[in-house]
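Here are some notes to read alongside the model, written for someone who is new to looking at structures. Please keep the view open and find each place as it is named.

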Amino acid sequence: ARQLRHLQTIEQSARRGADLVRQVLSFARGTEVRQLVVDPLRVAREVEKLVRDTFPKNIDFELVSAPGLWHVRGDSTQIHQVLVNLCVNARDAMPAGGRMQLHLANVVLDEAAVAGRREARPGPHVAVVVEDSGTGIAPEVLERIFEPFFTTKEVGSGTGLGLSTTHSIVKAHGGLITVASRPGHGSIFTVHFPAVLDGEEGAEAGRRAPPAGQGQLVLVIDDEPALRLMAQATLEAFGYRVLLAENGSVGLGLFDEHAARIGVIVTDMAMPVLDGSSTVAALRARDADVPIIASSGLQTGDSLLRAGLIQGFLPKPYTAEALLVALAEVLRPR
């Protein structure tokens, strides 16, 4: 029994290390921003659905948007990640429940507002504010809140990369992020994204929308809850149906139950319980033809592609558009 506990400790430590490496790789690659016109209210409504579906019911969430909200230029998936990260931090600051508000408004920043921020420019912006009634942030913590690897959470509960990644994304968008807090009275995170006025949107209007599905059932196997939720929201918005599994073992169980209906599988390669390679092999033993897309931030899918075990590969972290394109490719009639 003692040896089993040691093995479980080693496995847990290795799993945490793998999670940290994936986040470090994402952080170290830097943040690349696709310059598309994004409706921030649409993104906020997606986040609202995620919050209402997954956050504790003792958190009272409210989305408030000013009328005539401007659009912004950037990457909708990354902006979605910023909002989710801020909402998750607000949730964690309210373990006993409380109030959370996501507020959006048009703001024109002057020279003084962007002074000392080389990435930012004065002009029209969309302000995104996440306010909570939680425990607040101590002044000494507030000074380091956006530092990589800085966390006040217990060992094993956080990597300290959530807010630093948020800061990097906002900075890459030419935006600003600030925080104000009083211990015991909650916190307010404010993000300003540069706005796109009506006359500037024409250049983006001709871009093709990502390919949509036609009701196919997609089995998504991944141990990262945020990625599963992002995949579900994306796929359902673009005409797919979705089954979610948090590891390969659960994924195989769902496949055995719904094999006749599943049209394609997307599986992570680094997972607990049953890793991606073993999951792919087990799926192939059950069905030689079902399309499988593998994803990883630590390895490539070259050997699996050459062996015909998978039909597509997505390097992590991938965007919603990359997922939709990969699905369209493997589902395309040959």
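**Notes on a helix and a cavity**

1. At the start of α8, a side-chain oxygen of N247 comes to within 3.0 Å of the backbone nitrogen of S249. Please bear in mind, here and in the points that follow, that this is a predicted model.

2. Which residues of helix α8, which spans residues 248-258, are buried? They are G248, G251, L252, L254, F255 and H258, and because they cover an arc of only 165° around the axis, they lie on the same side of α8. It helps to recall that an α-helix has 3.6 residues a turn, so residues three or four places apart point the same way.

3. As for what these buried residues of α8 pack against, the partners are the strands β8 (217-221), β9 (241-245) and β10 (262-268), together with the helix α9 (276-286).

4. Turning to empty space, a search of the whole structure finds one cavity of 30 Å³ or more, and the largest cavity holds about 40 Å³ of space. The elements that give two or more residues to its lining are α5 (162-172) and β6 (176-181), and α5 gives the most, with three residues.

5. The lining of the largest cavity can be traced residue by residue, through R117, E119, H167, V170, K171, G175, L176 and I177. How many of the lining residues are nonpolar, polar and charged? The lining divides into three nonpolar, two polar and three charged residues.

Notes: Residues numbered from 1 in each chain as written. Predicted model: local features only at pLDDT ≥ 70, side-chain atom pairs only at ≥ 80, totals over all residues. Heavy atoms only, no water. 1 Å grid on protein atoms, 1.4 Å probe; cavity = no way out; pocket = protein on both sides within 12 Å on 5 of 7 lines; lining within 4 Å. Points joined across faces, edges and corners; volume = space filled by probe spheres on them. Helix = DSSP H or I, 4+ residues; strand = E, 2+ residues; numbered from the N terminus. Nonpolar A, V, L, I, M, F, W, Y, C, P; charged D, E, K, R; others polar. Buried < 20%, exposed > 50% of the residue type's maximum accessible area, 1.4 Å probe, protein only. Arc of directions from axis to C-beta. Contact = heavy atoms within 4.5 Å. Polar contact = N/O pair within 3.5 Å; in protein donor to acceptor, adjacent residues only side chain to side chain.
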